[in-house]
Amino acid sequence: MKKAGMYSMVFAAAVVLSGCAAGVKERAAQMAALQGSVFQESTNTAAERGSAVLVIKAAFKTHSEDHYILEARDSVHGKQQYPVAISISGQGAAWTAAGRPEASERFVNGARQPEGGDGVRYTLERTVKLKPGRHAVYFA
């Protein structure tokens, strides 16, 4: 068992020292060069030449601020604003979703509704202009 661990450590060191990590550095440099050039927020929904328009819409519900007794006071659940992070091909942005109180039925026709009950419904709608190409989108 000790030999297997030793062989794997030697193999990992050989990979790093052989220059395989150079590709990672190059990719990081490329991403840094692209930072800020992938998308920009816009209020205009008309596409310009060489760009595409992406409308991002999200709606989600959390419990109300005082729902759980032991929840931390600095929790974002149930507040008027909810922080949202988005990253498109490495370019990130921090947005806030506006919230409003909502009360809905917990059960409809005997089936439990996942977003039922008292809570805060958050909505977000943003328009961005994208550069052409394939993009990876991360939303949290």
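Which residues is W95 in contact with, leaving aside its neighbours within four places in sequence?

**Entry 1, W95.** I opened the model, which is a predicted one, and looked up W95, which is in contact with F39, E41, I56, Y82, P83, V84, I86, L124, R126 and V128 once its neighbours within four places in sequence are set aside. I then checked the strand pairing and noted that W95, in β4, stands opposite V84.

**Entry 2, the core.** I next looked up the largest nonpolar core, which has 16 residues, and found W95 listed among those with the most contacts inside it, together with F39, I86, I88, A97, L124 and V128. Two or more residues of this core come from each of β2, β3 (81-88), β4 (91-104) and β7, and β7 gives the largest share, five residues. I add the general remark that nonpolar side chains tend to be buried together in soluble globular proteins.

**Entry 3, β3 and its partners.** I traced β3 to β4 and found the two running antiparallel, joined by eight bridges; they form a hairpin with two residues between them, and S89 in that turn has a positive phi of about 50°. β3 also pairs with β8 (residues 137-139), again in the antiparallel sense, over three bridges, and there I88 has V137 as its bridge partner.

**Entry 4, the largest pocket.** Finally I looked up the largest pocket, which holds about 160 Å³ of space and is lined by residues including K61, H63, Y68, R106, E115 and D118. The elements giving two or more residues to this lining are β2 (52-62) and β7 (117-130). By class, I recorded two nonpolar, five polar and five charged residues in the lining.

Definitions and conventions:
Residues are numbered from 1 along each chain as its sequence is written. This is a predicted model: local features need pLDDT of at least 70, side-chain atom pairs count only at pLDDT 80 or more; totals for chains, interfaces and linings use all residues. Side-chain values use heavy atoms; hydrogens and water are left out. On a 1 Å grid over the protein atoms alone, a cavity is a set of points where a 1.4 Å probe fits but cannot get out, and a pocket is an open set with protein on both sides within 12 Å along at least five of seven lines; lining residues have an atom within 4 Å of a point. Grid points are joined across faces, edges and corners, and a volume is the space filled by probe spheres set on the points. Helices (H or I, at least four residues) and strands (E, at least two) are DSSP runs, numbered from the N terminus. Ala, Val, Leu, Ile, Met, Phe, Trp, Tyr, Cys and Pro count as nonpolar, Asp, Glu, Lys and Arg as charged, and the others, Gly among them, as polar. A nonpolar core is a set of buried Ala, Val, Leu, Ile, Met, Phe, Trp, Tyr and Cys residues joined through side-chain atoms within 4.5 Å. Buried means under 20% relative accessible area, exposed over 50%, partly exposed in between (1.4 Å probe, protein chains only). Contact means heavy atoms within 4.5 Å. Two strands pair if DSSP finds at least two bridges between them.
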